[in-house]
Amino acid sequence: MVCYVMAKMASSMVESGEDVFRKIFKIYKRRNPPPDFSDVIDFSKGVPSDKIVAAKLDPAAVSDVEAARVGLQPVRDWKVFGLRGYPGFIFISNPFLPGSQPFWVRQCLKTYPQKPNVCNLDMHMSPSDTQDIWDKSVHGNSFTPSGKREPKTLLERLRWVTLGYHYNWDTKTYCANHYTPFPADLHLLSVQITAACGFPGFNAEAGILNYYRSDSSLGIHVDESELDHSRPLLSFSFGQSAIFLLGGIHRQDPPTAMYMHNGDMMVMSGQSRLLYHAVPRIVPAPQGHTALEMEGCSLASSLQDRTVVKLVSEEDWAVCSRYIQSSRVNLTVRQVLGPGQRFPETPSSHQRTNAGWTVGYHDGPADGENGKRRSSCDSGDTVDT
Ligand code: OGA
Ligand code: MN
């Protein structure tokens with residue numbers, strides 16, 4: 001039966017020029033009529049799905065104190081899952097300690113967009129204009145002639161930020177001479193998680209933050225620009241939920257749909273490191289998922305001196321919580337180089353094609369229904385994923 005369906009889809013591709021992944025992407029992206037979500041895996045529900053398998057961590061790799069320093073629960077308490085048919089894919093259902101998440105959300109919205117990190121607004125604004133995105137958005141003059149719509153704040157216009165080795169969206173490469181120090185707090189968080197997942201010695205060298213509004217999506221792509229694919233890729237989700245599609249090594253492989261809720265994490269490693277994936281749709285967080293009560297912060301404050309996670313002021317949290325009520329932030333962390341590895345002499349020499357077709361990477365989430373997605377300079381390239 002499955003073979004019959006796939007054969008049908010494959011032959012319909014010949015007719016329509018559309019592959020199986022793209023077909024399913026479009027179904028989940030569709031507004032009218034809305035798609036059927038009943039096949040979407042929800043790890044937070046303890047889910048009775050035959051696709052879910054147990055995943056084993058190494059709880060001894062990270063002490064409870066080390067985990068708490070970065071705002072994580074003891075590793076033995078993490079709810080960890082694997083997916084049948086996707087070896088190396090690990091899903092961790094919100095492993096954060098209550099009260100620690102406001103810190104990471106604040107870093108994503110207030111700290112990481114700051115210079116010297118790079119963001120989409122830099123592509124068509126001067127450095128002085130993109131200097132204080134947070135301050136300008138929070139305290140900016142909100143004067144508008146009456147009757148006119150408020151102009152969007154810089155924070156509302158933020159679509160992506162890069163950290164460490166700054167990804168070049170045009171050449172689809174990282175390069176040695178465009179590097180700024182990777183945030184130490186995020187490096188430590190990444191090291192703890194990867195160690196628990198069986199990857200000691202992870203080196204967080206590049207990060208990409210994607211900022212999604214309720215109508216944004218992220219095209220089908222493979223993250224293959226990193227030079228060492230034996231190192232895992234980490235992905236964090238904050239705020240509203242996403243439908244995440246995980247495919248195979250070919251665009252004809254039908255993807256598996258799953259929810260990524262606030263605080264959830266994914267590790268793509270081993271045979272699942274280079275699979276096609278995409279985010280066709282943002283969906284409202286289930287009730288209570290983004291409440292992130294402030295009282296939990298007292299827990300972090302009792303450990304203040306030794307923790308990376310710091311207390312977030314009520315003023316900052318008011319801005320963050322308003323933002324994530326309607327948006328989603330995705331943060332991916334990558335190791336670019338293997339131990340002792342260097343960038344090749346010519347930056348273009350590691351661009352690759354696969355079986356004659358270019359393996360697409362994405363260039364940040366696209367907004368709305370118009371089928372456009374951003375290039376590095378917001379020129380609105382037509383999608384094609
Ligand atoms: C990426 C990515 C997925 C997400 O940034 O490479 O695949 O969940 N993000 O937003
Ligand atoms: Mn990706």
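In this predicted model, the side chains of Ser-237 and Arg-328 are joined by a polar contact of 2.8 Å. Ser-237 belongs to strand S8, which covers residues 233–239. Its relative accessibility is 0%, and Ser-237 therefore counts as buried. Apart from neighbours within four places in sequence, the residues in contact with Ser-237 are Met-260, His-261, Asn-262, Gly-263, Asp-264, Arg-328 and Val-329.

**Strand S13 and its partners**

Arg-328 is one of the buried residues on one side of strand S13, together with Asn-330, Thr-332 and Arg-334. The other side carries Val-329, Leu-331 and Val-333, which are buried as well, so that both faces of S13 are covered. Strand S13 spans residues 328–334, and because seven of its seven residues are buried, the strand is largely enclosed by the rest of the structure.

Two strands that pair with S13 are S6 and S8. Strand S6 (residues 206–212) is antiparallel to S13, with seven bridges between the two. Strand S8 also pairs with S13 in the antiparallel sense, over seven bridges. Val-333 can be used to locate both pairings: Gly-207 stands opposite Val-333, and Leu-234 stands opposite Val-333 too. As a general point, the strands of a sheet pair through backbone hydrogen bonds, in either a parallel or an antiparallel manner.

**The loop residue Asp-264**

Asp-264, one of the contacts of Ser-237, is found in the loop between S10 and strand S11 (265–268). Is this loop residue buried or exposed? With a relative accessibility of 3%, Asp-264 counts as buried, because the limit for that class is under 20%. A polar atom of the Asp-264 side chain lies 2.8 Å from the backbone nitrogen of His-261. Beyond residues up to four places away in sequence, Asp-264 touches Phe-91, Ile-92, Ser-93, Asn-94, Ser-235, Phe-236, Ser-237 and Tyr-259.

**An open sheet of five strands**

Strand S10, which precedes the loop of Asp-264, is also part of an open sheet of five strands. The order across this sheet is S10-S9-S12-S7-S16, and the pairing is antiparallel. S10 (256–260) and S16 (366–367) are the edge strands, each pairing on one side only. The antiparallel pairing of S7 (residues 216–221) with S16 extends over two bridges, and Ser-216 stands opposite Asp-367 in S16. Helix H2 (residues 20–29) lies across S7, S9 (241–246), S10 and S12 (277–283), and runs at about 10 degrees to S12.

Leu-246 has its place in strand S9. Its relative accessibility of 0% is the reason why Leu-246 counts as buried. Outside its neighbours within four places in sequence, Leu-246 is in contact with Leu-83, Tyr-86, Phe-89, Pro-255, Thr-256, Met-258, Met-268, Leu-275, Tyr-276 and His-277.

Two separations between C-alpha atoms are set out below.

| Residue pair | Separation along the chain | C-alpha distance |
|---|---|---|
| Leu-246 and Ile-220 | 26 residues | 9.4 Å |
| Asp-264 and Ser-241 | 23 residues | 9.4 Å |

**The manganese site**

Which residues of the protein act as donors to the manganese ion (ligand 2)? They are His-221 through NE2, Asp-223 through OD and His-277 through NE2, and they lie 2.1 to 2.2 Å from the ion. Along the chain these donors follow the spacing H-x1-D-x53-H. His-221 and Asp-223 are both buried. His-277 is also among the contacts of Leu-246.

**Helix H4 and the chain as a whole**

Helix H4 (residues 101–111) is mostly covered, with nine of its 11 residues buried. These buried residues are Gln-101, Pro-102, Phe-103, Trp-104, Val-105, Arg-106, Gln-107, Cys-108 and Leu-109.

The protein chain contains nine helices and 16 strands. Of its 385 residues, 53% are buried. Among contacts with a separation of 6 or more, 78% are between residues 24 or more positions apart. The chain has an accessible surface of about 17400 Å², and carbon and sulfur atoms account for 54% of this surface.

Methods. Residues are numbered from 1 along each chain as its sequence is written. Chains are lettered from A and ligands numbered from 1 in the order in which they are written. This is a predicted model: local features need pLDDT of at least 70, side-chain atom pairs count only at pLDDT 80 or more; totals for chains, interfaces and linings use all residues. Side-chain values use heavy atoms; hydrogens and water are left out. Donors are N, O and S atoms within 2.8 Å of the metal (3.2 Å for Na, K and Ca); water is not among the atoms, so sites may look incomplete. Buried means under 20% relative accessible area, exposed over 50%, partly exposed in between (1.4 Å probe, protein chains only). Two strands pair if DSSP finds at least two bridges between them. Helices (H or I, at least four residues) and strands (E, at least two) are DSSP runs, numbered from the N terminus. Contact means heavy atoms within 4.5 Å. Axes are lines fitted to C-alpha atoms, for helices over the stretch in contact, and angles run from 0 to 180 degrees between N-to-C directions. A polar contact is a pair of N or O atoms within 3.5 Å; within protein, one must be able to donate a hydrogen and the other to accept it, and residues adjacent in sequence count only if both atoms are side-chain atoms. Accessible areas come from the Shrake-Rupley method with a 1.4 Å probe; for residues, only the protein chains shown count as cover.
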